[in-house]
Amino acid sequence: MAQANAQNTTDNNEIFLVDGSGYIFRAYYALPQNLTNPHGVPVGAVLGFVNMMTKLLADMHAPFIAVIFDAARQNFRYDIYPEYKANRDETPEDLKPQFGLIREATKAFGIPALEMEGFEADDLIATYTRMAREQGKTVTIVSSDKDLMQLLTDGVRIFDPMKAKFMGPDDAFEKFGVTPDKVVDVQSLAGDPSDNVPGVPGIGIKTAAQLINEYGSLDELLARASDIKQPKRREALIENAEKARISRRLVQLDDHAPVPVAFEDMRARDLHSPSLAAFLAEHGFKSVLSRLGLKGDVPSASTDTVAKVEARPTPSAHQATSNDTPISDNVYTLINDIKTLQDWADQARAAGMLAIDTETTNLTPAMADLVGISMAITPGRAAYIPVGHKGQVDLLGGGDTTIPQLPLKDVVAILKPLLEDESVLKIGHNIKYDLQMFAGIGINVAPIDDTMLLSYVLDGTEHGHGMDELSTLMLGHETIKYKDVAGTGKNQVTFDKVDIAKALDYAAEDADVTLRLHRILKPRLAPEKMVGVYEDIERAIVPVIADMERTGIKVDTTVLKQMSHEFGMKLATLESEIHKLAGHEFNVASPKQLGVVLFDEMGLQGGSKTKTGDWSTAADVLEDLAAQGIEIVEKVLEWRQLAKLKSTYTDALQNDINPKTGRVHTSFSLAGTNTGRLSSSDPNLQNIPIRTEEGRRIREAFIADDGHVLLSVDYSQVELRLAAALADVKALKQAFIDKVDIHALTASQVFGVPLDQVTSDLRRAAKAVNFGIIYGISGWGLAKQLGCEPGEANEFIRKYLTRFREIQDYMEAKKDEARKNGFIKTVYGRKCVINNINAKNGAWRAFAERQAINAPLQGTAADIMKLAMARMPHALKQAGLSARMLLQVHDELVFEVPEAEIEQTANLVKHVMESVAHIDVPLSAEAGWGKNWAAAH
C-alpha cells in the first residue's frame, strides 16, 4: 500500500522514549470504560496500554526504551502561572486506580517506568533527548503531543502512534509554519487552550508563524511590536507582551531535569518474560497471553458483576490470532478491463460474499457523481474499479490524459447481476450511502450487511463507529485518511481528480478493512444475543432509509423567501424595541454587550460571570429573568428564537435545495444516538420547533408534488404508554385501554378529586408529571415548568409516586440494572450505555440515573418506530399503494401520497404502526394530511 510514512529503520544505538501519559488517555478512551479484571478493578485503560505497548515493541524492535510518566504532584509551571491547565477536566474516577497498574504493566514488560517530581513527562523526554544527542545516540519519541515537536532535529524523530507515522523537522514546519527551534516562539504567541496557556489574544498559529518568520524571534518581535502596521495586532502584542513571555516559560521544555536512570538501564528485555505472563494472567488478559504465546493461570471472577475484559477483540487481536493476511501485506488491483472485472465477479459469486464501497464527488448521495467502486473478497485482496476519474496521468506515464477505465455501462452490465444476486451477501460500512449511489445507476443491492451497524448494535456508544476508529481499535491499523489523497482546505480536490494510484490504495483499503471488521463483528451477534436487534431492526431499516434520503421532500422557495422577509422585518422591530428599553443601541447578538446592558447598566439580579469574566447570557439565565416578567429579556429571547429560525431554516433551506431534483435531501444518522433514535442532518429537519407560531409556519414551506398530499402519522404518548406497560401500572394500563384522558385520570388519582371535577390547572400539573417522570424530572425542573415553588412540585412528584408505586419500583430497578451492568436494555434487547452511573460526582450520577430511567422507554419507542418503518414498504406494495415515505421525526412519519389514495394509505399506515408491537397497552397513531406539512397536522 502506498503510504507517506517514513521507513521504520531502527538504529542499534537508538533510544525510544514513550510518552506514557499520552498512552494512558488514548488507551482509556479507546476501550470500554466499564471493563474490570477478575478482582473487580477497572482495567480498560490498562488493557489498551498493554495492547499498544505490545504492538510498539513488536513493530519497532527498540534496543533501548523507557516509558515516561507525569509526576503525581504539580510541577514548576504552576508556580509560574497558577491557572496552568486550570480548564482540564477532573481525572475520571475509574481511571485513577489504573495509573499504578499501568506502571506495573510497564515494569512487567521489563521497561523502566520513569517520572520525576516537579516535572512533566515532556521535560524528562527533552532531557533524555539532549543527553542522547550529546552521546551520539539517535532518539525516537513515541507520542502524539505536538509540544514535543520543539525537540525535532537531526537524529531525533517522533513516531505518532495515532497516525502510525514518523515525523521529522519538515513536519514541524507543516504543523507550525516554522523550523523546530522556533516552535516555542509560535506557541508562546498562539497559546494553547487545552493547557490554558494564555498566548496573545487574537493571534493563531498561522499569524504567529508569519510574525516569527518575519522578526526572527519572540524577543525581537516584542521589542519591535510598535512597528507593526496592523493596529489591532500591534495593540494586542504590546498589551499582552508579558502573557507571551509567561507562555514561553510554560511551553518551553526543561531539558536539564534530574534523570532517574541511565541509558544502560533502558536496554530492552525479552517480551516473553515470566513477569509479563504473570501480570497478564492476574488481570485476565487472555487474548494478549494467547497472542504472545504465553501461559498463565487466569483467576476466576469474584463476582458476577465483573465485566468480561475479553468481551470484544482488542486492537490487533483478530489479525494476530487468525489466518488473515496481515493488512500491511495486501495486494490491491486496479480493474480497467472487462476480463479482470468478470474474474472478480465470478470469484465473489463463488465466495458468496464481498465487501463493497463507492467513491464519489460529494458527501450527499443525491448531489454526488460516482467515481469508482471497490470490492474485497478475502482479507488482503481488494480491487478498485475507476469509472469517473478525470484528467490524470496514465499508468504508463504517457502524460496528461484520461486514465484507462471501463465505460460505466460495461461495469453495470457485469456488477448488476452480482450485486442483485440474493445468494451473495454484500457488506458495506454505512452501506446506506452506497445503496443510493448504486440505485442511481440502476442496481438494487441486496442482501446487505453493515459493519457500522454491527458495531453500533454490539457496543452502543462505548466508542465511535466510523471505519477509521474501528480499524484502529479492532485491527490495530491506521487507515489512509481522505485528506492524504485529496488534500485539505483550498487545495482539496474532489475524488475524481485524485491520482489513480492513491485512489486505488485508499478505496481498496476501505473494502479490505470493511471485510476484516465483518469477520470480527458478525460472529459476536449470537453469543451476545443481539441477532434480533440487528436483523429485525437495524439491517432491515437500511434500504428504507436509503430510499427516503434519495427521494427527499419538496420545498417551496417562494414561501421561504416570504417568511425570511417577514422574519427580517420582525427582527428589526424587536431590535428597535430592545434598544428603546435599554436606552441606547447595542449589538443584540453579542452576549458580552447584552450582559453589560442587563447586569451592569440595568442592574438586574441573578446574573453570573463566566471564566472569561463576562456576564453569562445563556438561555437558562435569560429564561429565569423572563419568568420574572422583565420585558427586555422577554424580547431578547423572542429575538434569539426568531433569528435562529431565519438563519437555520428560512434562509439556509433555500440553499439546501438540490438543483438536480428540486428537493431537500436530509441525511439520517443510523448510529449516532445512545437509544437507537434516528437523527437528521444536512439539513436537520427533526429540530424545527412546533411550539411557536413561527416554527409551525416553517412547515408550510414543505409541500407535496402536484396531484399529491403530505400525510403525517404520529404515535400518541408512546413513551407514556410504554412506561405504563413496562412498570405494569394497572390503573394507567386500563386507562389507555379504555381511551380515557390519561392526564385527567392522573390528576384525579393523584390529587384525590372526581374525574369530572379535574380543573385545567390540575390536568396541566398531572401532564407535566406524567411526561416529566419518565425523564427523571426533579422537583426544581417541574417547578420551572409549572411556575410554582420547588417544594410544591416535589409534593406533586411524591403524591404521584405514592399513588403509582409501580413507577417508583420500575425507576429503582432500572437504576440498579445500570449500576450493575453499565447499560440497560430495551424490550427488544438494544443495549443503551449509561456512563457515570456509579460516579462519585453527584451531578454526573444524577444525570446518569435519569438516563437509566428514560433510555429503556425512549429506546423501545425508537425500536418500535424502526420496526414499523421496516414493514411499511412491503405493506404499501402489497396493498397496491404508491405512497413514498419521506421523513421520520421522532414519533412521526411523513409520506407523499397521491390524492386519490390518501384515506386508504392513512388507514394502512395507522394499522402498521399500531400493530407492529405487542405490549400490554394499545399503541395509538393519529393521521392528518394536507398540501403542506403544517396542514397535515
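Here are a few exercises with worked solutions on one helix and some salt bridges.

The model is predicted, so local features need pLDDT of at least 70 and side-chain atom pairs count only at pLDDT 80 or more, while totals for chains, interfaces and linings use all residues. Residues are numbered from 1 along each chain as its sequence is written, and side-chain values use heavy atoms, with hydrogens and water left out.

**Exercise 1.** Work out which residues of H7 are buried, and what covers them.

*Solution.* Start with the terms. Helices (H or I, at least four residues) and strands (E, at least two) are DSSP runs, numbered from the N terminus. Buried means under 20% relative accessible area, exposed is over 50%, and partly exposed sits in between (1.4 Å probe, protein chains only).

Now go along the helix: Val 183, Val 184, Asp 185, Val 186, Gln 187, Ser 188, Leu 189 and Ala 190 are buried. That's 8 of the 8 residues of H7 (residues 183-190), so the helix is largely enclosed by the rest of the structure.

Next, look for the cover, using contact (heavy atoms within 4.5 Å). It includes helices H6 (169-176), H8 (205-215), H9 (218-223), H10 (231-239) and H11 (241-251).

Finally, step just past the end of H7: Gly 191 takes a positive phi of about 70 degrees.

**Exercise 2.** Take the salt bridges Lys 165 to Asp 171 and Asp 227 to Arg 224, and sort each partner as buried or partly exposed.

*Solution.* Side chains of opposite charge can pair when their charged atoms come close. The test is a side-chain nitrogen of Lys or Arg within 4 Å of a carboxyl oxygen of Asp or Glu.

Lys 165 and Asp 171 pass at 3.5 Å, N to O. Lys 165 is partly exposed at 24%, whereas Asp 171, at 16%, counts as buried.

For Asp 227 and Arg 224, the closest N and O atoms are 3.8 Å apart. Asp 227 has a relative accessible area of 48%, hence partly exposed, and Arg 224 is partly exposed too, at 35%.

**Exercise 3.** Find where Arg 798 and Glu 795 lie, then look at the wider set of salt bridges.

*Solution.* Both residues are in helix H33 (residues 790-803), 3 residues apart, or about one turn of the helix. Arg 798 is partly exposed at 44%, and Glu 795 is partly exposed at 30%. Elsewhere, salt bridges with shared partners link Lys 554, Arg 663, Asp 705, Arg 884 and Glu 896 into one network.

Back to the pair: the Arg 798 and Glu 795 side chains meet at 2.5 Å, N to O. Searching the whole structure turns up 56 salt bridges.
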